[in-house]
Amino acid sequence: MIRAENIIKNYQNTEVLKGVDLTVKESEFIGIMGKSGSGKTTLLKIMGMIEPATDGKIFYEKDNMEQISGKEAARIRREELGFIFQEFFLLDSLTVLENVMLPLFISKSADADGKEKAEKFIRKFGIDGLEKKMPDELSGGERQRTAICRALVNDPRIVFADEPTGNLDSKSGKVVIDALETINKEFKKTVVMVTHDPQMASYCDRIILLKDGKILGQVTKERDRDGFYKEILARMIDL
Amino acid sequence: MKMVFKIFKSNVRRCLPCFMSSILVAATLFLFEGIKEMFLATMSVRERLESSLGISTHLYIYVLLFIGVILILYTVNNYSRIRLRDYGTFLVLGSEKGTIIRMMLSEYGMISAVSYGAGCVLGTVFLFAVRRMIISEGIVMELSRQMYLQVVCRTFLYMVMVYAAAVLMNVAYLQNHSLSALMRYDRKKSTLPSVKVSLIGTVCGVICFAAAGIILNNEHIPPYIKIKYGLLLVLAGVFLCFTFTGRLLLYLLGGRERWYFKYLLRIKDLYYRFADNKNIMMLSFVINFTVLIFITNNIVEFGCTDSRYLWKYPYDYVYAVEEGKADEFVRKFGGEGEADISAYPCLFLTCTEYGEYIGIPLSVYKRFTGEEEGLEPGKVFGILQKSETGEDAVLLSGRVAFETGEGIQRFEAEKQMNRILFCAHQRESINVLVFNDGDYRSLRKTWDGMSLITWKARENVRTESDGGREKEERMRDLADSAGVRLFYSREELMLRDRKEDVMALIFYISMGIFLMISNMAVLAVRTWTEIPVLTGKYGFLKKLGMDEGDIESNVKGELSICMKIPFILSFVLGICALMWLSGGRGYILDMRVILLFGAVVFVQGCFIAGIRNYGYRLVRESAAGKEENGVRIWN
């Protein structure tokens, strides 16, 4: 579905990614793990077309992202991709419902059906009753669930999540990771998640381990979550 | 559009500083443009070009415009800091750049339209109030509908220019940065200079100060040059020291471990806050210093003008008539013993190169001044009747040539001086050349002889006959009918001077108020933007178990550092400047200057204390609110 070929990213004189190759398949729940500064967030941003790569190619289906226009890239971000960030990036000036409906406003499809769709996700992820609240009035977990609803309201094919539980306590983190699992299993969306928490990573189907801008290896879930968690822990020693 | 309006509506609180600064700038520009228009309408085209105030009014508007641009850019930039992050989010969610640019244009358009409207209303009120004040001084100032519309249109043009600059900056930022950079925009912090660079910068700063000291204390350099270059060097020194000395001190402090660790938290925090805000502090210092010294001195100088011009106009009227008609003229205008009238021979000379002069013989010079002086043939005294302390000279090259009966004759300047013989005239600068009596006779052969007639009301009849516009108009009509070459009326010239002074006074008052409010607005906006950072710090220190009192002094110290440093620095340097000005530099330190200086310091001090306490209260309330919502405030 998405293929990264020999991705290189430099920031000034620092080489953050040193030729990364990665393929993400349809309906896969994939995790990217690594220490701070290993380049995992940069890789996610490049795959999500938020950050340009210094060198290398990104293919979405069969399209080379380098060759598409800005308008087409905006369309793909609007219709095919959804984003969840560690810092939520909710608009402080909009209510919860309006924040969830934001992608619909952008794609000019905010109507009664859109509102119903947004409310469906709000109910699904347990933030009903908060529709008219402002982001400032919410807890971290509630904000992140609002961001999840916003990422899904346009029915994207892939959801990118950058450390979605990084700013949350363990209880809220659990709620959010359950929500991401629902996105993948129930709604059949492809999820690409960056995390450094092995507990959260154990929800994924496959883990990519990054070290110093290179892929060190990958761990695929073949057993139950506990077994997978132990396997991730064991591999983390190499990171 | 509906969405943009909704977002904008909910962002109104955030744009308040932006609105306020824009309204302030629009109102000030409107007011000053209006005054300029009224003032220039009273001048002929030649006067506009020649009068120093005519030129200055054009300059003043650009100074105001420049300050306005800085103020609006700063507040818009702070607003953009929040909005760019939102625009980044929009782009990530699939908005196109064109849509975002349109969104920005409509948002800034709304801000500028509302501010412009409010600024025009406020400016109109001020303009009419100022006009009334000027008219009460006996100065006629017309403001026609066409002039008013011109002011409205020009202010609109200025505001469009200012906002276009702000929007273009943001569009350029949007175009040149990735989406991820846009989302990180509000985290931008300034970088610290290295120790090596700091050392060089500090040394350069000290050199600038030393050079300024040498220039300012040099007796041989003219005051104008001294102030111009001295001030430039001081500013350069302040900028360099502001930027680099702190880093150097921090490095040196690192060596004194006991001291360093005892005050580590406070010193480091304050330094980093200083480094982040140094440009604002520099701006604030320059504004404070300008207001404390330059503006206060000028307000006092131009505000108190009772009888200050009398020395410039020793006679009520001065005429120049043809030599042959002088006796008849004196008979006609002499009145019945109401005035002392004297006639002095003179010549209206035109130099062979360039320039017009009034030539008088040495004997006439002695009659005017009562001084006994000698003058060799071929030498002249150059007298500029403008002021008594000015440094301008009539003959820049020190020599002048005129056509005489025996061909072109060159004269050397024996000495040049600024003094008033019969009348000063700011605009036309009456240049007088005093010749040896023999040389004068030689010139008289070629040039038509004239008589300079001075008319001065006698003291005992002054109150009855000294009389206002009517008498002045009668004297002018008589002079016109007698075909005089020159006519000066003390009353008319004093009124002109007063008009220029009132204009300058209004300019300095507007400028002072504008600068002070701008300074306060910039500092308030800066403090406002620091609140979230300090809220995090407050919560963090509280979690660490620090005493409430210590936290308070810590947070207040950080909140007020960018206000306190420029305030203290400008206060200390202001006092030094006042002492320097009064220490034998030709200025008398007026009590009114000291009072105004004290008043400005008091207002600023109150503002700093107020914003410091209010800021701390906001931090505390904000931290309490976040704790209630369960957010990790020390993140």
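Helices here are DSSP runs of H or I with at least four residues, and strands are runs of E with at least two, numbered from the N terminus. On that basis, chain B holds 19 helices and nine strands. Chain A has nine helices and ten strands. The model is predicted.

Start with the two chains as wholes. Chain B has 635 residues, and 49% of them are buried. Chain A has 239 residues, of which 56% count as buried. The accessible surface of chain B comes to about 31200 Å². Carbon and sulfur atoms account for 60% of that surface. Chain A exposes about 10400 Å². In chain A, carbon and sulfur atoms supply 45% of the exposed area.

Contacts tell how each chain folds back on itself. Take the contacts in chain B with a separation of 6 or more. Residues 24 or more positions apart account for 82% of them. For chain A, the share of such contacts made by residues 24 or more positions apart is 68%.

Now look at a hairpin in chain A. Strand β9 of chain A covers residues 206-211, and strand β10 of chain A covers residues 214-220. The two run antiparallel, and six bridges join them. A:K211 stands opposite A:K214 in β10(A). Two residues lie between the strands of this hairpin. A:D212 takes a positive phi there, near 50°.

Stay in chain A and turn to helix α5, residues 112-124. A:K115 and A:E119 both lie in this helix. They are four residues apart, about one turn of the helix. Their side chains meet in a salt bridge, at 4.0 Å from N to O. Is this pair buried or exposed? Neither residue reaches either extreme: A:K115 is partly exposed, with a relative accessible area of 38%, and A:E119 is partly exposed at 23%. Buried would require a value under 20%, and exposed a value over 50%.

Chain A also has a network of salt bridges. Its members are A:E26, A:E61, A:E72, A:R75, A:E79, A:E80 and A:R157. Over all chains, a search of the whole structure finds 27 salt bridges.

Chain B supplies further examples. B:E412 forms a salt bridge with B:R399, with the closest N and O atoms 3.3 Å apart. B:E412 lies in strand β6 of chain B, residues 407-418, and B:R399 lies in strand β5 of chain B, residues 399-404, so the pair ties together parts that are 13 residues apart in sequence. B:E412 is partly exposed, with a relative accessible area of 33%. B:R399 is partly exposed as well, at 40%.

Another salt bridge links B:E372 and B:K366. Their closest N and O atoms are 3.7 Å apart. B:E372 is exposed, with a relative accessible area of 69%. B:K366 counts as partly exposed, at 26%.

Next comes a buried residue of chain B. Which helix holds B:T527? B:T527 is found in helix α17 of chain B, which covers residues 490-543. At 2% relative accessibility, B:T527 counts as buried, because buried means under 20%. The side chain of B:T527 reaches the backbone oxygen of B:L523 at 2.7 Å. Leaving aside residues up to four places away in sequence, B:T527 touches B:L559, B:M563 and B:I611. B:S560 lies 33 residues from B:T527 along the chain, and their C-alpha atoms are separated by 7.9 Å.

Finish on the outside of chain B. Here B:V121, B:L122, B:V125 and B:F126 form a nonpolar patch on the surface. Together they have about 360 Å² of accessible area. Where does B:V121 sit? Its place is in helix α5 of chain B, residues 97-136. B:V121 is exposed, with a relative accessible area of 55%. Residues join such a patch only with over 30% relative accessible area, so the 55% of B:V121 meets that cut-off.

How values were computed: Residues are numbered from 1 along each chain as its sequence is written. Chains are lettered from A and ligands numbered from 1 in the order in which they are written. This is a predicted model: local features need pLDDT of at least 70, side-chain atom pairs count only at pLDDT 80 or more; totals for chains, interfaces and linings use all residues. Side-chain values use heavy atoms; hydrogens and water are left out. Patches are made of residues with over 30% relative accessible area and no salt bridge: like charges are joined within 9 Å, nonpolar side chains (Val, Leu, Ile, Met, Phe, Trp, Tyr) within 5 Å. Accessible areas come from the Shrake-Rupley method with a 1.4 Å probe; for residues, only the protein chains shown count as cover. Buried means under 20% relative accessible area, exposed over 50%, partly exposed in between (1.4 Å probe, protein chains only). Contact means heavy atoms within 4.5 Å. A polar contact is a pair of N or O atoms within 3.5 Å; within protein, one must be able to donate a hydrogen and the other to accept it, and residues adjacent in sequence count only if both atoms are side-chain atoms. Two strands pair if DSSP finds at least two bridges between them.
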